[in-house]
Amino acid sequence: MLDNAQTSPTIRGLYINGSWTPAARTFDDLNPSDNALYARIPDATVEDARRAIAAAKAAFPAWSTQPFHHRAHALLKIAEVWDRRKADFGAAAMAEGGGWFGKGVFEAGYVGEVFRSAAALCYQNIGEVLPSEHGKLMMATRYPLGVVSVISPWNMPGILTSRGFAAALAVGNTVVLKPSEDTPYAGGLYFAEILEEAGIPPGVFNVVTCSRESVGAVGDELVENPDVKAVSFTGSTAVGRHIAAKCGAHLKKACVELGGKDSMIVLEDADLDAAARAANFGSFMHQGQVCMSTEKLLIQDTIWDDFMSRFLSRAKKLKTGHTKDKDNVIGPLVNNRQALRVKALIDDAVAKGARVELGGKAWDNFVEPTVLTNVNSSMDIWHDESFGPVVVAVPFHTEDEAVALNNDTEYGLTGAVWSRDEARALAIAQRLETGIAHVNCQNINDEPHVPFGGTKASGVGRYGGRWSLDAFTELRWITLDRGGRHFPPVF
Ligand code: NAD
């Protein structure tokens, strides 16, 4: 519970089986704007994770077999409590996550809809009736899996955590959530407060927080424990690969939403003012710490000067600093490790000949909005997700070149194409190797009911709407014979 906006929350412990249990150790959770202590967070052990999984397993039979409208009403109640406490979430996202005030408002407003759309899922068709060669009544129908482990990132702790578990609960699974060590409150224990207040039965939803030092062992338990039936993971490609490999070895379902290296293509017939404005948002919103951030601006050479002057004149107005000042649209990177990594990418590019058109400076956990040109594929920044307020701008001559530059990455999350000729832009969008593509908008788009997810190293599986059913249910073939099945007479 937050004492007041911007100050520290009261941390009551891990949330297991409907009770708050202190852990033997804690770790420090810092405000990245000034490295002040935000909260002391329980550092769970493998044994704590096992207790949470056991609680979720015990709660599964009753939760999964109750009338589905009870689960729908429970999800609507969560949305109601969430909406009532939106301001608390916004304050936590600013202080713990280092997000701009406006980002907190947006995220707090979105999460209620994630729960409402999950409630709607309870009323969806869960299967199909199939024809039978033998006159049977045959159906393909969906069943909940059991305990689902949810592992979430820090960059959008409200949206990405809720998206990771709301549909799982709707279809009858029970959940153990492990939030990021950088946002253990906003992405974890805060949800426990909300679901407790909403009256979700003990054990249906559990939260286990742990430090970066403990996450290897606790994470393995959340994947390998035989009572865990599926894993819902959002985070980096490195950790996602590790988790998906373990799930593969144990033959468990995994929905993994991972990193991106997304491009926005601006064709010569685009509305350049609108494209420049969108590029500024797509590149720098939340310091570029969004999986869908615009990391590469691909600009047709004939409009290069015109577009760049419009884009740079907008980008240079963004102010960088402590998020307690609402004018600072660019807050800190989430921790010093990330800030140093982003600065190293800029330095590597500059050492290899990149030109800094804007920004380039870094101090404490802050990196200024930075625009690089004269970039080539020998530079780390061409391949690596920066996950910071850095965008590269690259000219192209033909549409084929633009498509090739877009696809020259191991990632495949989103793409964006700008043109006044909608048919031309749509034709290009269809050639992008991404799970998502937008015409005449930037890359950062999501809605609770759409099939969200990437291709290539950006992940496997989809979150959102009925597509979440594939991640969180088992599809079974069930038949009823009415005497139509013939066997060889020898039997
Ligand atoms: P991360 O992979 O470091 O951490 C994600 C989660 O995994 C955290 O909860 C972390 O504690 C946990 N984790 C770390 N090591 C683990 C292990 N060995 N076993 C189990 N869990 C472990 O990622 P991050 O820094 O929190 O988030 C940033 C990354 O997430 C970026 O790459 C970004 O693109 C990606 N992301 C993807 C999406 C998407 O929908 N595709 C959305 C947001 C963020």
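Reader: Which helix holds phenylalanine 307 and phenylalanine 311?
Author: Both sit in helix α10 (residues 304-315), four residues apart, about one turn of the helix. Helices here are DSSP runs of H or I with at least four residues, strands are runs of E with at least two, and numbering starts at the N terminus. This is a predicted model, where local features need pLDDT of at least 70, side-chain atom pairs count only at pLDDT 80 or more, and totals for chains, interfaces and linings use all residues. Residues are numbered from 1 along each chain as its sequence is written, and side-chain values use heavy atoms, with hydrogens and water left out.

Reader: How many aromatic pairs are there, and what makes the one of phenylalanine 307 and phenylalanine 311 stacked?
Author: The structure holds 16 aromatic pairs. For this one, the ring centres are 5.9 Å apart and the planes meet at 15 degrees, so the pair is stacked. (Rings of Phe, Tyr and Trp, its six-membered ring, pair with centres within 6.5 Å; under 30 degrees is stacked, over 60 edge-to-face, the rest tilted.) Phenylalanine 307 and phenylalanine 311 are also buried, meaning under 20% relative accessible area (exposed is over 50%, partly exposed in between; 1.4 Å probe, protein chains only).

Reader: Why is strand β7 said to be largely enclosed by the rest of the structure?
Author: Five of the five residues of β7 (residues 147-151) are buried, so the strand is largely enclosed. Val147, Ser149 and Ile151 point one way, Val148 and Val150 the other, and all are buried.

Reader: How do you know that β7 pairs with β8 and with β10?
Author: Pairing takes at least two DSSP bridges between strands. β7 has five to β8 (residues 174-178), running parallel, and five to β10 (residues 228-234), also parallel. On the β8 side, isoleucine 151 stands opposite lysine 178; in β10, valine 228 is the bridge partner of valine 147.

Reader: Which residues are closest to the ligand, and what makes lysine 178 a polar contact of the ligand?
Author: Of the 30 residues surrounding the ligand, Ser152, Glu181, Ser236, Leu258 and Glu385 are the closest. A polar side-chain atom of lysine 178 is 2.9 Å from a ligand oxygen atom, and a polar contact is a pair of N or O atoms within 3.5 Å (within protein, one must be able to donate a hydrogen and the other to accept it, and sequence-adjacent residues count only if both atoms are side-chain atoms). Serine 236 has a polar side-chain atom 2.5 Å from a ligand oxygen atom.

Methods:
A residue is near a molecule or strand if one of its heavy atoms lies within 4 Å of it.
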